[in-house]
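Here is a short tour for someone meeting this structure for the first time. Keep the sequence and the 3D view at hand while reading.

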Amino acid sequence: MNKTELIEHISSKADLSKADAGRALDAFIGAVKTTLKKKGSVTLVGFGTFAVSERAARTGRNPRTGEAIKIKKAKVPKFRPGKALKDAVN
């Protein structure tokens, strides 16, 4: 499912216009991004938790040449599914 299909689904299930559903989805995504930038987390009980973790600097290899390269530390967004979501999938 892509973003357009998700907007159509939200529109039909919530009895909203596609434009309203698109704005709602964009607002949700914006809220998650803003919270993660501030090193916070977003928890939707039963669905899951969006959070940021830090990946340490490390040494990697260039696959083409085999040369060792340094990889900088990075902040990585992560998602941990909740129990209800896990149960729904299994």
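## The largest pocket

The largest pocket holds about 170 Å³ of space. This is a predicted model, where local features need pLDDT of at least 70 and side-chain atom pairs count only at pLDDT 80 or more, while totals for chains, interfaces and linings use all residues. Residues are numbered from 1 along each chain as its sequence is written, and side-chain values use heavy atoms, with hydrogens and water left out.

A pocket is defined on a 1 Å grid over the protein atoms alone, as an open set of points where a 1.4 Å probe fits, with protein on both sides within 12 Å along at least five of seven lines. Lining residues have an atom within 4 Å of a point. Grid points are joined across faces, edges and corners, and the volume is the space filled by probe spheres set on the points.

Which residues line the largest pocket? They are Leu-25, Phe-28, Ile-29, Val-32, Lys-33, Phe-47 and Phe-50. Helix α2 gives the largest share of this lining, with five residues. By class, the lining has six nonpolar residues, no polar ones and one charged. Here Ala, Val, Leu, Ile, Met, Phe, Trp, Tyr, Cys and Pro count as nonpolar, Asp, Glu, Lys and Arg as charged, and the others, Gly among them, as polar.

## The sheet and its helix

Helices (H or I, at least four residues) and strands (E, at least two) are DSSP runs, numbered from the N terminus. Two strands pair if DSSP finds at least two bridges between them. Strands of a sheet pair through backbone hydrogen bonds, either parallel or antiparallel.

Three strands make an open sheet in the order β1-β2-β5, and their pairing is antiparallel. β1 (42-44) and β5 (74-81) stand at the edges with a single partner strand each, so one side of each has no neighbour in the sheet. From one strand to the next, the twist averages 30°. Angles run from 0 to 180 degrees between N-to-C directions, and axes are lines fitted to C-alpha atoms, for helices over the stretch in contact.

Helix α2 (residues 18-37) packs on the sheet and touches β1, β2 and β5. The direction of α2 makes about 40° with that of β2. Contact means heavy atoms within 4.5 Å.

How many bridges join β2 and β5? Strand β2 (residues 48-55) pairs with β5 over eight bridges, in the antiparallel sense. One bridge partnership sets Ala-51 against Lys-78 in β5.

Thr-49 is also found in strand β2. Not counting residues up to four places away in sequence, Thr-49 touches Ser-41, Val-42, Thr-43, Lys-78, Phe-79 and Arg-80.

## The hairpin

A second pairing joins β3 and strand β4 (residues 68-71), antiparallel over four bridges. In this pairing, Thr-59 stands opposite Lys-70 in β4. β3 and β4 form a hairpin with six residues between them. In the turn, Gly-66 has a positive phi of about 80°.

Ala-57 lies in the loop between β2 and β3 (58-61). Leaving out residues up to four places away in sequence, Ala-57 touches Ile-71, Lys-72 and Lys-73. The C-alpha atoms of Ala-57 and Ala-21 are separated by 40 Å, and the two residues are 36 residues apart along the chain.

## Helix α1 and two loops

Ser-11 lies in helix α1. Residues up to four places away in sequence aside, Ser-11 touches Leu-16, Ser-17, Lys-18 and Ala-21. Glu-8 is found in α1 too. The C-alpha atoms of Glu-8 and Arg-64 are separated by 43 Å, with their positions 56 residues apart along the chain counted as the distance apart.Asp-15 is found in the loop between α1 (3-14) and α2. Phi of Asp-15 is near 55°, a positive value in a residue other than glycine. Lys-39 lies in the loop between α2 and β1. Lys-39 is not a glycine either, yet has a positive phi of about 65°.

## Buried or exposed

Buried means under 20% relative accessible area, exposed over 50%, and partly exposed in between (1.4 Å probe, protein chains only).

| Residue | Relative accessible area | Class |
|---|---|---|
| Ser-11 | 12% | buried |
| Thr-49 | 13% | buried |
| Glu-8 | 37% | partly exposed |
| Ala-57 | 55% | exposed |
| Lys-39 | 57% | exposed |
| Asp-15 | 72% | exposed |
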